[in-house]
Amino acid sequence: MLEEFIESDNWEKIYSLKYLMLSDELINPVSLLTLKENRPNLKLFNLYGPVECTIDVTAYECEGNEKNVPLGKVADRCYIYIVNKDNKLVPKGYKGEVLIAGALLGEGYYQSEEEEGDFFTENGVRYFRTGDYGWVDDEGVLYYAGRKDSF
């Protein structure tokens with residue numbers, strides 16, 4: 001949607017807009033720069049999280065000059081883990097599958113136990129496999145690296 005809006009060149013339609021929150025949409029850095037140049041006071045947030053986790057579990061306030069727009073820092077009482085194909089944690093900066101745990105994780109699918117294959121419990125902790133790949137930097141900011149089914 002952001003790309004379509006920018007291509008339409010209707011900046012006057014958002015002159016009073018103060019905040020814009022995008023969720024589960026990759027933000028093109030060129031589009032972000034264009035948006036910030038045309039509406040410099042607009043605060044833009046990139047949010048991430050699947051519906052199985054009450055939608056948004058990370059947030060990042062965009063500055064406008066990012067080369068790779070992060071998904072953001074994890075919400076309170078929620079945890080992001082990056083694991084390799086053997087379900088072992090990878091060090092910060094390494095890519096792996098994104099797992100989510102914590103207070104924002106849903107209980108599963110309503111009246112549909114057969115679809116709960118992406119939820120699992122290990123060592124007493126309940127996780128959700130997002131199917132996304134990413135990495136976490138030294139400040140704990142999550143970056144997107146693609147979908148599991150596209151690798």
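Contact here means heavy atoms within 4.5 Å. The model is predicted: local features need pLDDT of at least 70 and side-chain atom pairs pLDDT 80 or more, while totals for chains, interfaces and linings use all residues. Residues are numbered from 1 along each chain as its sequence is written, and side-chain values use heavy atoms, without hydrogens and water.

Select Pro-70 to start. Pro-70 sits in the loop between β3 (58–62) and β4 (72–74); strands are DSSP runs of E, at least two residues, numbered from the N terminus. Pro-70 has a relative accessible area of 2% and is buried (under 20%, 1.4 Å probe, protein chains only). Leaving out residues up to four places away in sequence, Pro-70 touches Asn-46, Tyr-60, Val-141, Leu-142 and Tyr-143.

Go next to Leu-142. Beyond four places in sequence, the residues that Leu-142 touches include Pro-70, Tyr-48, Ile-80, Ile-82 and Val-98.

Now show the largest nonpolar core (buried Ala, Val, Leu, Ile, Met, Phe, Trp, Tyr and Cys residues joined through side-chain atoms within 4.5 Å). This core has 15 residues, and Leu-142 is among those with the most contacts inside it. At least two core residues come from each of β5 (78–83), β6 (96–102) and β8 (125–136). The most come from β5, with three. Another core, of 13 residues, lies apart from it and includes Trp-11, Ile-27, Leu-35 and Cys-62.

Finish by colouring β5 and β9 (141–147), each of which, like β4, supplies at least two residues of the lining of the largest pocket. With five residues, β5 gives the most to this lining.

Methods: Helices (H or I, at least four residues) and strands (E, at least two) are DSSP runs, numbered from the N terminus. Buried means under 20% relative accessible area, exposed over 50%, partly exposed in between (1.4 Å probe, protein chains only).
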